[in-house]
Amino acid sequence: MEAPPSLGVPGWLDPYRANADKLIKAATADQSAWNRLAELTDTFGQRISGSDNLKRAIVWATDAMKRDGLENVHTERVMVPRWVRGQESIEMIEPPQHVLPMLGLGGSVGTPSAGVEADVMVVANGDELAKRSAEVKGKIVLFNVPYTNYGETVAYRSGGARMAAQHGAVAALVRSVGPTGLRTPHTGGMNYGDEPITRIPTAAITAEDSNRIQRLVNRGVRVRLRVKMAARFEPDVESFNVVGEIRGSEKPEEIVLVGGHFDSWDPGTGASDDGVGCMVTWEAARLMKKLNIRPKRTVRVVLFTNEENGLRGGNGYRDAHAQEAANHIFAVESDSGVFAPGRLGFSGSEAARALIADIGTLLAPLGLQDITSGGGGADIGPISTLGKVPMMAYSGDSTKYFTIHHTPADTVDRIEPQEVSRAAAALTAMIYVVADMPQALPK
Ligand SMILES: [Zn+2]
């Protein structure tokens with residue numbers, strides 16, 4: 001086929017309209033995807049890497065894919081880190097005694113069993129920390145960095161402990177990375193870097209408590225905290241990516257890869273991050289099977305393990321499939337929630353973008369025809385880099401997403417069934433056309 005024109009009515013889509021419409025109708029006819037998300041999160045709860053919960057959920061997903069009639073259903077083994085939170089607390093010792101909600105950051109070391117007790121020094125950023133370096137020794141440093149956007153603010157969560165330790169702090173706290181919630185602490189990954197520094201314990205406290213401590217310190221009041229954490233690493237354990245397919249009818253070796261990550265952080269039930277991303281991409285294959293629609297290329301669903309604290313699933317997939325990396329013609333990930341207004345983002349060549357924009361016209365009934373730039377995702381990134389694969393992401397409203405992200409509030413209750421169905425419908429129609437169109441999506 002010649003590269004179709006992207007102006008006017010994209011006539012090349014005519015053979016796909018009926019099936020795309022059927023898939024969209026089936027996805028939005030009921031709340032199957034939400035129901036399955038509720039079953040996953042109710043039954044298995046949090047799914048942190050290395051946990052029995054995750055292991056059991058992987059068995060369940062594998063069985064469910066088989067029951068759906070997906071093909072070539074199997075698991076692919078990777079070794080994953082096992083970080084265990086243990087008991088933890090932060091207590092304000094003065095001015096008044098007060099226990100603060102907190103969450104240790106994933107990867108942190110623990111404290112001695114009596115805890116670490118010290119005065120708090122509050123800084124607004126790394127520059128202030130460096131300027132006031134002489135004051136840091138023996139203190140608990142609190143990075144009270146207001147949330148701007150995730151990419152910017154998360155640097156203090158991932159690197160704050162290392163920065164504070166370089167100046168002699170005994171522990172590092174970060175204001176939770178997210179819009180102000182209901183005094184909800186947010187966990188997330190951190191690392192100590194490669195330089196030989198003292199590994200100090202690190203945790204997140206809420207935006208409200210960060211502000212309170214800031215106000216106290218601004219008034220010249222001494223704030224003293226006791227941090228107790230039993231966090232530790234145990235040896236790596238085996239885990240698995242779950243794979244299921246609709247084999248292509250004409251070019252089964254050409255692959256459209258879709259998925260999300262199946263592991264989660266431990267305070268909530270990993271409903272929005274990223275159970276829902278797994279469900280809406282899995283739906284693409286389930287609905288094609290259910291409606292007996294088999295595209296020319298293979299649609300491969302992968303539920304990746306260990307995105308949150310290691311990316312061993314995404315890297316393991318790349319390593320196991322390096323030989324067929326170039327045969328991946330499109331990769332789609334959902335790991336930013338499905339909160340309305342959702343959108344599809346794309347990264348790839350201009351020629352591919354024109355085709356994707358054409359396909360977007362099929363999504364007009366869902367209000368998702370405008371496809372923005374910015375596809376990609378942590379788990380599809382490694383194979384896509386290797387195979388130069390065009391990528392797509394489904395993203396929900398980021399304020400809603402980051403309000404519950406990595407908190408105890410990440411539960412299915414926050415997610416509307418119609419928003420899940422709409423995401424599944426859009427992804428399914430898009431994936432179907434790309435998997436079935438006459439020419440491979442250009443790289
Ligand atoms: Zn995620």
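# A guided tour of a two-domain predicted model

In this predicted model, begin at the boundary between the domains, where 12 residues of domain 1 are in contact with 13 residues of domain 2. On the domain 1 side, the touching residues comprise five nonpolar, six polar and one charged. To colour the two parts separately, select 11–82 + 235–436 for domain 1 and 86–230 for domain 2. Their centres, taken over C-alpha atoms, are 35 Å apart.

## The sheet that begins with strand 1

Next, display the open sheet whose eight strands follow the order 1-10-12-11-13-16-14-15, with mixed pairing. Its edge strands are strand 1 (71–84) and strand 15 (372–373), and each of them pairs on one side only.

Move to strand 11 (residues 251–261) and strand 13 (residues 328–336), which run parallel and are joined by five bridges. Here, isoleucine 255 can be selected together with histidine 328 of strand 13, which stands opposite.

Now add helix 7 (residues 271–290), which packs on the sheet and touches strand 10 (232–246), strand 11, strand 12 (297–304), strand 13 and strand 16 (391–395). The direction of helix 7 makes about 150° with that of strand 11. Helix 12 also packs on the sheet, with contacts to strand 11, strand 12, strand 13, strand 14 (343–347) and strand 16. The direction of helix 12 makes about 170° with that of strand 13.

Within helix 7, select aspartate 274. A cis peptide bond links aspartate 273 to aspartate 274, with omega at about 5°.

## Helix 12 and the largest core

Which residues touch the most other members of the largest nonpolar core? Select Val420, Ala429 and Ile431, which do so within a core of 85 residues. Helix 12 supplies the largest share of this core, namely 13 residues.

Centre the view on alanine 429, which is found in helix 12 (residues 417–436). Is alanine 429 buried or exposed? Alanine 429 counts as buried because 28 C-beta neighbours lie inside 10 Å, the threshold for that class being 20 or more. Beyond its neighbours within four places in sequence, alanine 429 is in contact with Ala20, Leu23, Ile24, Leu362 and Leu363. Lysine 22 is also worth displaying: it lies 407 residues from alanine 429 along the chain, yet the two C-alpha atoms are separated by 9.0 Å.

A second, separate core contains 38 residues, among them Leu129, Ala161, Ala164 and Ile200.

## The sheet that begins with strand 3

Turn to the other open sheet, in which eight strands are arranged in the order 3-2-9-5-6-7-8-4 with mixed pairing. Strand 3 (98–100) and strand 4 (102–104) stand at the edges; each has a single partner strand, so one side of each is left without a neighbour in the sheet. On average, and with direction ignored, neighbouring strands of this sheet are turned by 30° against each other.

Select strand 2 (residues 88–94) with strand 3: the two pair in the antiparallel sense over three bridges. Within this pair, isoleucine 90 has leucine 100 of strand 3 as its bridge partner. The loop between strand 2 and strand 3 holds proline 95. Glutamate 94 and proline 95 are joined by a cis peptide bond with omega of about 15°.

Two helices can then be added. Helix 5 (residues 150–166) lies across strand 6 (140–143), strand 7 (171–175) and strand 8 (202–205), and runs at about 150° to strand 7. Helix 6 (residues 207–218) lies across strand 3, strand 5 (116–123), strand 6, strand 7 and strand 8, and runs at about 85° to strand 5.

## Helix 8 and two loops

Return to helix 8 (residues 312–320), whose buried residues are Arg312, Gly313, Gly314, Gly316, Tyr317 and Arg318. These buried residues pack against strand 1, strand 10, strand 11, strand 12 and helix 10 (381–387).

From helix 10, proceed to lysine 388, placed in the loop between helix 10 and strand 16. Lysine 388 is not a glycine but has a positive phi of about 50°. Lysine 388 counts as exposed because 12 C-beta neighbours are inside 10 Å.

Finish at histidine 406, in the loop between helix 11 (398–404) and helix 12. The phi of histidine 406 is near 65°, a positive value in a residue other than glycine. Is histidine 406 buried or exposed? Histidine 406 is buried, with 30 other C-beta atoms within 10 Å.

Key: Residues numbered from 1 in each chain as written. Predicted model: local features only at pLDDT ≥ 70, side-chain atom pairs only at ≥ 80, totals over all residues. Domains from an automatic or database assignment. Contact = placed C-beta atoms within 7 Å. Nonpolar A, V, L, I, M, F, W, Y, C, P; charged D, E, K, R; others polar. Helix = DSSP H or I, 4+ residues; strand = E, 2+ residues; numbered from the N terminus. Pairing = 2+ DSSP bridges. Axes fitted to C-alpha atoms, helices over the stretch in contact; angles between N-to-C directions. Core = buried A, V, L, I, M, F, W, Y, C linked by C-beta atoms within 7 Å.
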